[in-house]
Amino acid sequence: MIKRLPSASSVRTAILLTGVLLLATSCGWSLWDNPMTTVRPRSDFGRWTDEIFMLISWTTLVIFIAVEGGLLYVCWRFRDRPGAPLPRQIHGHTVLEISWTIAFALVLLIIGIPTIKIIFKTQEAPAATDLHVEVAGKQWWWEFKYPQFNITTANELHLPVGQTAAFFLNAPDVIHSFWIPHLGGKRDVVPHRVNRLMMTPEVPGEYPGQCAEYCGMSHANMRFRVIVHPKGEFEQWVRAQQAPPAESNDPLAQQGKSLFAQSACVGCHTIAGVSAGQIGPNLTHFGGRKSLAANLMPNTPANVARWIENPDHMKPGARMPNLGMTGEQSQALAAYLLSLK
Amino acid sequence: MATQAAFMPGAETKTQSVLWSWLTTVDHKRIGILYGSSAFILFLIGGIEALIMRLQLARPDNTLVGAQTFNELFTMHGTTMVFMAIMPMSAAFFNFMIPLMIGARDVAFPRLNALSYWIFLSGALFVNASWLFGVAPDGGWFGYANLSSAQFSPTHSIDFWMLGLQILGVSSMLAGFNFIVTIINMRAPGMTLMRMPVFIWMSLVTQFLLVLAFPAITVALILLMFDRFFGTLFYVPSAGGDPLLWQHLFWIFGHPEVYILILPAMGIVSEVLPTFARKPLFGAPVVIYSGIMIGFFGFGVWSHHMFAVGMGPVADSAFSIATMLIAVPTGVKILNWISTLWGGTIRFTTPLYFSLGFIAMFTMGGLSGVMHASPPVDLQQTDTYFVVAHFHYVLFGGSIFGLFSGAYYWWPKITGRLLDERLGKLHFWLMLIGFNVTFFPQHFLGLIGMPRRIYTYAPDLGWNFWNLVSTIGAFIIAVSFVIFIANVIRTARSGQVAGPDPWDARTLEWSIPSPPPVYNFARIPEVHGRDDFWATKYGDEHGGAPHPQPAPVTAAEIAAIHMPPTSYWPIVLAVGMMIMISGLMTSMYQIIAGGLFTLFCMYQFAVEYHRPPAAHGH
């Protein structure tokens with residue numbers, strides 16, 4: 001007896017399948033390790049979502065393979081051959097059709113029941129012991145208020161690990177959507193309506209966030225940064241925020257301070273002890289932030305000066321006007337603002 | 001158009017110019033061709049908008065177009081593809097095929113049909129005219145309030161979009177009623193509802209969706225119009241209005257709209273598969289009932305577009321379950337189509353390729369749809385590129401593949417010549433590959449956090465590679481359409497002459513010459529069962545012999561056929577309506593003048609047929 005060698009086509013199929021598997025694995029890995037990935041949850045809320053996502057993914061993958069494989073098989077097996085007789089004119093098969101209708105309904109039960117459980121689990125009422133954060137989405141930046149600590153900050157959200165954070169979302173202008181992919185799903189920020197989102201961060205680290213609802217010209221530039229602190233560090237941050245800003249004696253910074261106090265800046269921005277504007281971001285501890293203009297770029301003197309000279313250039317449509325500052329003035333302002341640690 | 005006119009039916013009296021005969025035509029076949037060619041041009045415009053967006057996103061921090069232009073591009077791409085490309089491409093098939101497939105000589109209201117087309121064209125031109133004025137709509141195809149309010153969108157960009165959609169809605173409503181009446185009343189003797197071809201069934205369901213869904217967006221747009229022009233505050237939250245009201249009204253329209261876009265394609269596939277498998281559609285009644293179920297459930301799931309707005313756990317659960325239920329009839333249809341192929345002798349022609357592409361791609365779109373039917377998962381996926389991938393698998397992988405299947409299938413019936421099979425298959429493979437290269441990576445982009453509608457992104461987020469791949473794919477798709485256009489041009493003169501029944505098909509339209517004469521059927525056929533034309537060739541399902549050949553049609557019979565005369569009032573009325581509506585952006589006098597002119601046209605339109613027939617010179 002001669003041992004049958006695998007045919008050329010089956011070798012090709014095997015190579016193809018291996019390639020597809022390798023590709024799929026590398027894709028899976030590339031999804032895992034990304035700054036804004038949704039499949040590496042870092043909070044309880046994110047984990048619960050991910051569990052359902054994986055359940056549905058595997059279920060649909062099975063159906064996908066069955067249907068697409070079935071389609072290919074049928075096309076191959078029943079391809080027209082020369083001289084084939086007219087096929088039997090079958091009109092249907094009631095039992096078969098009823099059974100696959102029921103089968104589909106059963107598959108949906110597998111997905112539907114855990115879905116409903118998680119819906120209710122993730123929308124419980126917040127407790128008094130939770131960290132409360134009032135989030136305001138504005139064209140095109142984020143304001144974060146901590147009513148329990150009397151802190152207001154912008155574009156950088158600080159959270160402690162292991163404590164449930166309850167976000168109360170509101171927008172003064174148009175609809176935005178508050179989203180930190182690592183920490184779970186998004187929730188729209190709707191004007192004159194307080195929406196709620198709750199999650200407990202489980203791993204310290206820095207996670208980018210971004211507005212996810214189209215909100216006008218610079219929607220793409222409405223980003224923010226989340227810092228989940230290890231135990232103890234968050235309290236330090238709170239104390240630093242509650243203290244008045246440290247000022248430097250650098251003459252350039254001092255010049256910047258008087259410029260700030262005399263110019264239109266004070267109309268929109270608050271710096272504790274200097275101004276009380278409410279329209280733009282609170283700048284009291286601006287120098288302590290890592291990024292500028294809703295997480296668009298690193299908070300360096302050159303970037304801050306560039307921003308002051310022409311906000312619209314960095315963020316099209318920016319609400320902050322171009323005040324016509326000279327290069328010297330904007331550098332002085334940048335030095336002052338960055339000294340506010 | 002000259003080459004088309006040469007083989008076109010319904011050439012009017014020689015004294016009329018070709019152009020005039022097209023402007024005043026009420027022939028459903030010519031109107032179908034007008035719909036199809038206009039929609040295809042708009043489809044190319046929407047495609048070019050997509051290509052520019054893909055170029056902008058090909059690399060991070062790109063500056064090819066600015067934020068404002070990008071926002072205009074995605075708004076116009078969505079609006080164009082939904083309202084001015086896929087819907088009218090489906091309308092082209094409704095127009096051309098419905099009377100032919102039910103054995104009628106025209107639609108129920110031929111002039112109303114012409115009016116629908118001219119209003120559609122004026123609406124499409126109106127919205128696109130915004131580019132010329134430098135105020136292209138920039139609020140998204142969904143135009144969410146309160147970004148669309150006068151405070152946040154002070155230019156005329158939203159006005160062009162809002163009024164244009166209103167005009168397009170009128171066209172859809174008129175067409176919807178016309179086709180409902182046509183299908184209900186004008187079927188050939190013996191064609192009971194359950195003997196109707198499935199394409200006709202899906203068309204009928206689509207028309208009901210049109211006439212029931214469009215009023216919701218009409219109301220939403222009227223409230224928006226009042227907010228913007230007359231100072232009302234329906235959507236203004238600071239005055240107690242509710243921007244979420246817009247979302248509810250929009251999606252009560254918007255979700256049925258999805259089925260308006262996909263059901264015609266499902267109908268086409270249900271015709272193409274049996275023809276090329278040489279077997280009847282498997283479980284036709286179930287396919288029909290599934291279509292009706294999809295249409296019915298389509299009105300009960302709108303809030304699944306709104307899981308992120310914070311409706312509370314009860315509403316989330318209810319809409320989640322309702323949405324998952326839609327997967328049942330949809331899945332059933334897919335298995336019925338595959339079973340249609342089972343046991344057949346499958347001839348792999350271009351129309352069949354596109355239908356198979358439809359099943360394969362639409363299945364993927366359906367499965368990713370099941371994912372975000374689950375609200376927790378949706379909260380991660382909504383407004384990301386995952387959703388962009390999902391609905392392109394449904395609307396491109398589904399509707400566009402289905403519509404091109406229909407185009408290749410019925411092309412010989414419409415023009416009398418077959419499209420080239422070799423170029424057609426090349427078109428198919430390039431489109432299939434390009435489509436998957438473009439949109440499959442967008443699943444990954446969504447899962448790694450790329451939001452929709454962003455004109456730029458930072459380089460350190462891991463989105464660079466897949467965006468570049470997606471852009472390359474988009475250009476492969478563009479090449480595939482160049483090949484389609486080349487195919488059309490090449491075969492217009494030299495294509496193989498089709499004859500009445502080039503595919504050995506099953507339904508009535510193949511029993512008459514290609515292209516059909518102006519009166520379609522010299523003698524209205526009598527129908528004895530489903531796939532009656534097949535039965536006349538091969539005998540019926542009960543083993544009956546092929547039908548005997550009927551007596552040849554006499555010249556006297558043809559002379560006795562009455563066809564409606566041409567009319568220029570539809571196009572004039574459409575122009576009047578556009579003058580009236582665009583007056584909202586200029587002056588009250590234009591509204592009054594346009595309104596009076598429109599009324600005058602309506603009156604003329606209404607009394608036209610009361611004049612003595614001799615006045616028409618026909």
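Biologist: How many helices and how many strands make up the secondary structure of chain B?
Modeller: This is a predicted model, in which local features need pLDDT of at least 70 and side-chain atom pairs count only at pLDDT 80 or more, while totals for chains, interfaces and linings use all residues. Residues are numbered from 1 along each chain as its sequence is written, and chains are lettered from A and ligands numbered from 1 in the order in which they are written. Helices (H or I, at least four residues) and strands (E, at least two) are DSSP runs numbered from the N terminus, and for chain B they come to 19 helices and zero strands.

Biologist: What is the radius of gyration of chain B, set against the globule rule?
Modeller: The radius is taken over C-alpha atoms, and the globule rule is 2.2 Å times the number of residues to the power 0.38. For 618 residues the rule gives 25 Å, and the radius of chain B is close to this, so the chain is as compact as a globular protein of that length, at 24 Å.

Biologist: What percentage of the residues in chain B is buried?
Modeller: A residue counts as buried if 20 or more other C-beta atoms, placed from the backbone, lie within 10 Å of its own, as exposed if 12 or fewer do, and as partly exposed in between. The C-alpha atoms of chain B fill a box of roughly 75 × 60 × 45 Å along the principal axes, and among its 618 residues the buried part is 61%.

Biologist: Which helix of chain B gives the most to the largest nonpolar core?
Modeller: A nonpolar core is a set of buried Ala, Val, Leu, Ile, Met, Phe, Trp, Tyr and Cys residues joined through C-beta atoms within 7 Å. The largest has 278 residues, and those with the most contacts inside it include Val135(A) and Leu337(A) as well as Ala39(B) and Met97(B). With 23 residues, the helix that gives the most spans residues 67-102 of chain B and is α4.

Biologist: Which residues does Ala39(B) touch, not counting those up to four places away in sequence?
Modeller: Two residues are in contact if their C-beta atoms, placed from the backbone, lie within 7 Å. Ala39(B), one of the residues with the most contacts inside the largest core, touches Met84(B), Ala85(B), Pro88(B), Met89(B) and Ala92(B).

Biologist: Which helix gives the most to the side of domain 1 of chain B that touches domain 2 of chain B?
Modeller: Domain bounds come from an automatic or database domain assignment, which divides chain B into domain 1 (2-6 + 30-543) and domain 2 (565-618). Across this boundary, 13 residues of domain 1 are in contact with 13 residues of domain 2. Both α5 (110-132) and α6 (157-185) of chain B supply at least two residues of the domain 1 side, and the greatest contribution, seven residues, is that of α5(B).

Biologist: What is the radius of gyration of chain A?
Modeller: Chain A has nine helices and 14 strands. The globule rule gives 20 Å for its 341 residues, and the chain lies well over that, so it is more spread out than a compact globule, with a radius of 28 Å.

Biologist: Which element gives the most to the side of chain A that touches chain B?
Modeller: The contact takes 73 residues from chain A and 74 residues from chain B. On the chain A side, α1 (8-32), α2 (44-77), α3 (94-121) and β7 (187-189) each supply at least two residues, and the element that gives the most, with 14 residues, is α2(A).

Biologist: How many bridges join β9 of chain A to β10(A)?
Modeller: Two strands pair if DSSP finds at least two bridges between them. Strand β10 (residues 223-229) of chain A runs parallel to β4 (residues 156-160), with five bridges, and Pro160(A) has His229(A) as its bridge partner there. Strand β9 (residues 205-210) of chain A runs antiparallel to β10(A), and the bridges joining them number six.

Biologist: Why does Asn295(A) count as buried?
Modeller: Asn295(A) lies in the loop between β13 (291-292) and β14 (297-298) of chain A. Among the residues that Asn295(A) touches are Asn155(A), Pro208(A) and Arg225(A), the last being 70 residues away along the chain with a C-alpha separation of 6.5 Å. Asn295(A) is buried because the number of other C-beta atoms within 10 Å is 24.
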